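Me: Please take one part of this model and look at it closely. I would like to see how two helices meet, and what their contact is made of.

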Amino acid sequence: MTNSDMDIDTADVSKAPTSQLDGSELVVVSNRQPYKFGYDETGAVTVDRPAGGLTAGLDPVVQRTGGTWVAWSDGEADDEVTNEDRRVGVPPDDPTYELDLLSLSEDEVEGYYYGYSNQVLWPMCHGGIWQTEFKERYYEVYKQVNRSFADAVIERASDGSVVWFQDYHLACAPQYVRMACPDAFLMHFWHITWPGWDTFRSLPHREAILSGLLGNDLIGFHTDRYRTNFLDCVDRALEEAAVDEEAGTVRYRDRTIAVRSFPLGVNANAIARTAELISNERRRDLAQQYGIPTSGRVALGVDRLDYTKGIPERIEALEHLWERRPKWQKELTYVQKAVESRSVIPKYQDLQDRVDESIARVNDRFGTNDWQPIIRIDEFLPRNELIGLYRLGDVMLVSALRDGMNLVAKEYVTAHVDNEGVLVLSDQTGAHDELGDDAVTINPHNAKRFAEAIEKALTMPEVEQRRRMKRLRQHVSTYDLDAWMADIFEMVARLHADLDSVVND
């Protein structure tokens, strides 16, 4: 078995904040698996290890607790490496916990993942009611798959376990587990936005989704706004629920559920260490590899191809800048690192076509024999190369129309160890609540103002640029991934203590 796409942005298991668990077994439940098994061109089994993001942050925590991770089996070689119970020890070279993989049929993947998760909950939570496909069969399959996840948890969990559900794919599962394991500690982190009541009430199954989530003891969101929205939706949708917004609690079915905000951070130290090792020569090589000019200025976008990310709006603003301020032609190059996403869904196919057409139009309009305004990078970049790309960007454009947090903004800031660079940030992101004071703020829907903001970033005096970036980096390094997990586990310990005192009384 070989490792693929390894880089130096690895987590430190010794620093995983697990002391607050007090010996409880941790069971993590997520749609995505942390280790994905496949084949190389020779037929040998390969393993993609977590290189960044949430899975990279949670992996060392579960390694230290020796617990279990339940996930959907999405790797070509999963059948070969797992035992008859669909389990495998990970990390593969020195197993410390078990990965429990669920096999889903094509119909289940279509209804649960591409259907209800990403054509109902995802657009609804991001305010795009017009993008939803409310098909009853999607909901029925979603419940069925959530039941399968819950059954896997029930098989592994005990009353002393801490079960941590991740994200919107698993809203119904907590209540199923609660019925079978009444004394287990269940918590859930909702990684995307939670909408206001006027949007959420459009969901035909709103009561069931809320009831499922209220099977938890602790529910976490990125921002106070999302937490407040959730509490308001519970208050309006469930007559039997008693909401205390000031305390951040819901009393439901003889249980008290804590609802808190925990802004997710990035693995700041690892990103910074990687960035410091990228020499000027390596950056020049990276620029040459992708045809990025080494003279002039570079604006950067790093996104999944999702309609929430505001990529067409960003291209429109750049087109407006090159048209109205022609001095930036041949002086400013925009690099779009794009990752194809959910392309089996027609709306995503339409978006990808729209982005392709917009880039072609702008390049035809302003491009010359020796300069292309927009450079698109489609291929996978190892983590260290992505961080090198961040360092090439004089300006980072984050123009999401709605985003739960946006970790790209935080990664870009962390990578600029020289305190250079400017972050242009949509006020529709969760990250703006933390970083907005030192970023250049935009409304992504106003192309003229957006273009002006890009020019402001490009012409910002170096002293101000460094002052802003230094403050941004200080914030992101303080409230990093370790701090996020420590805050959550500290809350778990406090709630555990409260539950124990109630039992003892």
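Reply: **Two helices crossing**

Helix 9 and helix 13 are roughly perpendicular to each other (angles of 65 to 115 degrees; under 35 is roughly parallel, over 145 roughly antiparallel, the rest oblique). This is a predicted model: local features need pLDDT of at least 70, side-chain atom pairs count only at pLDDT 80 or more, and totals for chains, interfaces and linings use all residues. Residues are numbered from 1 along each chain as its sequence is written, and side-chain values use heavy atoms, without hydrogens and water.

Find the pair first. Helix 9 covers residues 268–276. Helix 13 covers residues 383–392. Both are DSSP runs (H or I, at least four residues). Their axes come within 9 Å and cross at roughly 75°. An axis is a line fitted to C-alpha atoms over the stretch in contact, with angles from 0 to 180 degrees between N-to-C directions.

Now the residues. Helix 9 brings I271, T274 and A275. Helix 13 brings R383, N384, I387 and R391. These meet in contact (heavy atoms within 4.5 Å). By class, the contact has three nonpolar, two polar and two charged residues.

Then look at how covered helix 13 is. Nine of its ten residues are buried (under 20% relative accessible area, with a 1.4 Å probe and protein chains only; exposed is over 50%, partly exposed in between). R383, I387 and R391 are among these buried residues, and they also meet helix 9. The buried list goes on with E385, L386, G388, L389, Y390 and L392.

Key. Helices (H or I, at least four residues) and strands (E, at least two) are DSSP runs, numbered from the N terminus. Ala, Val, Leu, Ile, Met, Phe, Trp, Tyr, Cys and Pro count as nonpolar, Asp, Glu, Lys and Arg as charged, and the others, Gly among them, as polar.
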